[in-house]
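Dear colleague,

I am passing this structure on to you, and I would be glad if you could look through it with the notes that follow beside you.

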Amino acid sequence: MTHEILPHVVNASFDVENYNKIVPLEKSERSVANVNNADIQIRDGLRGKIIFVISLMISLVLAVAWAFINGNAMNYYRSISSEDASSKFQDKFTGRIDQLKSIIIEKRVSNAEVFEHKSSPQYQSLTVIVSKTASHDLNNPDEATMMLQNYALTTIYIATGGKSFMRTNVLGNQINSDYLLKDPSWKNQDGWFESPSVCEDWYGIHCDSSGRYVTAIFLPSNKLDGTLPPELNLMAFPRLETLELANNSLRGSIPISIGTLFFLKRIWLSSNNFDGNIPSSLGNLRNLDHLDLSNNLLRGTIPDSIYLDGLEKLSLSNNILTGRIPHGNNALKKLRYLYLSDNALSGEVQDICVYTYLVDLDLSHNELSGSIPTKLGTMPNLKNMNLDHNYFTGNVPSELGRLVSLEKLDVSFNELSGIVPSAVCSLISNEKLAVLTADCNAVVEQCSLCSISTNGYRMTMVVP
């Protein structure tokens with residue numbers, strides 16, 4: 001019994017030993033297996049992450065590609081839309097130009113021919129005005145009047161050396177009308193084009209109390225250089241009273257359209273380079289009281305029409321005018337200042353009218369002949385009389401002694417003879433006549449009241 005049990009015990013002991021040997025082996029194999037499984041899991045995790053990253057990158061690439069494609073498409077559609085908007089705006093702009101041009105022609109501010117050339121001041125002005133007055137209602141009479149004045153002034157500006165707007169570009173929904181070809185010659189152009197209303201601080205432009213109508217264009221000594229366009233007319237400036245453009249560099253003819261400005265009271269265009277004839281249309285200006293066209297290059301004769309009843313000052317000195325001094329037919333009833341010196345006027349002046357209010361008379365440096373008119377002694381307010389450097393003959397009229405207001409008399413450099421009348425000398429003794437200038441052959445010795453000093457051919461007596 002014992003022996004039967006022992007082998008089993010031995011076998012059991014053997015199994016324990018083997019077990020002790022086998023178990024560590026199995027544990028080692030399990031560890032290896034676990035490690036292998038962990039490696040597999042790590043590899044699988046990395047593979048998953050790599051796949052995720054790759055998928056993400058592919059997605060990003062696809063997204064970028066899609067955005068690029070979509071962006072190009074949007075830009076394409078946007079460009080089409082922009083071009084369409086620009087086209088519509090261009091159509092609207094062109095339509096507004098045509099509308100304003102029709103009004104300008106209909107109102108006879110300009111004629112249609114001036115718009116045929118896009119380089120003309122009128123066409124440039126038209127595009128500038130349309131671009132800067134987009135909100136104005138052309139169907140509103142007040143706004144249309146303001147735009148016509150704006151148009152005419154801009155035309156004058158461009159024609160006389162201001163900015164040259166040779167073309168107008170459509171940029172999106174804006175007009176670029178400042179395509180400048182040359183620097184403006186104007187000395188001062190403050191405020192011009194800053195406001196669509198010409199009555200709002202445009203330099204040299206003055207308006208009536210309503211702020212609607214231009215009453216004065218006052219731009220003397222402002223370096224205007226060019227020609228005055230025909231847009232200077234009644235249709236553009238229905239209330240203009242003063243036109244002052246003296247001492248500039250204006251040239252060409254004086255526009256006959258000025259003769260339509262019926263409300264004009266004062267015209268100063270002196271010291272420019274105007275040539276051609278004096279427009280007879282100026283005779284239409286019945287409200288005119290000052291007309292100064294002196295120091296120009298005007299030719300031809302003095303038109304009778306400019307002898308206006310209301311004229312107080314007429315200055316045509318230092319031109320190249322020829323012919324006779326107009327008779328006037330008793331016009332110039334209010335004339336105070338008459339300056340016709342330094343021309344080539346000829347003939348006798350016997351028919352000169354009596355100007356009751358005349359203060360200054362200057363007919364010097366011409367080619368006038370005949371005797372000095374006795375009528376000159378019937379102008380009680382005359383203070384200064386210059387008749388020198390002509391071809392007057394005969395005696396100095398004693399009637400000049402009636403000029404109780406006379407302060408200066410110059411009859412030198414003529415062909416006078418005889419003596420200075422005692423009536424004239426008495427003006428000196430009465431301390432009225434301050435300067436008497438005559439020629440020595442006027443036998444002054446018999447003028448005993450005069451203190452005479454002679455110098456060659458010419459005698460000048462100046463009262464201390």
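Which residues form a disulfide, and how far apart are their sulfur atoms? The pair is C199 and C207, with the sulfur atoms 2.0 Å apart, and please bear in mind throughout that this is a predicted model. The structure holds one disulfide, and the torsion about the S-S bond of C199 and C207 is about -90°, so this disulfide is left-handed. As for its surroundings, C199 has a relative accessibility of 22% and therefore counts as partly exposed, given that buried would require under 20%; C207 is likewise partly exposed, with a relative accessible area of 22%. As a general reminder, a disulfide is a covalent bond between the sulfur atoms of two cysteines.

Turning to the chain as a whole, its secondary structure comes to four helices and 24 strands. Of the 464 residues in the chain, 42% are buried, while the chain exposes about 24,300 Å², of which carbon and sulfur atoms supply 53%. Among the contacts in the chain with a separation of 6 or more, 52% are accounted for by residues 24 or more positions apart.

Nine of the strands make up an open sheet, in which the order is 5-7-9-11-13-15-17-19-21 and the pairing is parallel. At its edges lie strand 5 (225-227) and strand 21 (415-416), each of which pairs on one side only. Within this sheet, strand 9 (residues 273-277) runs parallel to strand 11 (residues 297-300), and the two are joined by three bridges. If you would like a place at which to inspect the register of that pair, D275 stands opposite L297 in strand 11. In general, strands of a sheet pair through backbone hydrogen bonds, either parallel or antiparallel.

The remaining notes concern helix 4, which spans residues 422-429 and in which V424, C425, L427 and I428 are buried. Why do the buried residues of helix 4 line one face of the helix? Seen down the axis of helix 4, they fall within an arc of 145°, so they line one face of the helix. Just after helix 4 comes E431, which takes a positive phi of about 60°.

With kind regards

Methods: Residues numbered from 1 in each chain as written. Predicted model: local features only at pLDDT ≥ 70, side-chain atom pairs only at ≥ 80, totals over all residues. Heavy atoms only, no water. Pairing = 2+ DSSP bridges. Buried < 20%, exposed > 50% of the residue type's maximum accessible area, 1.4 Å probe, protein only. Arc of directions from axis to C-beta. Contact = heavy atoms within 4.5 Å. Areas by Shrake-Rupley, 256 points an atom, 1.4 Å probe, with all protein chains shown as cover. Disulfide = S-S within 2.5 Å.
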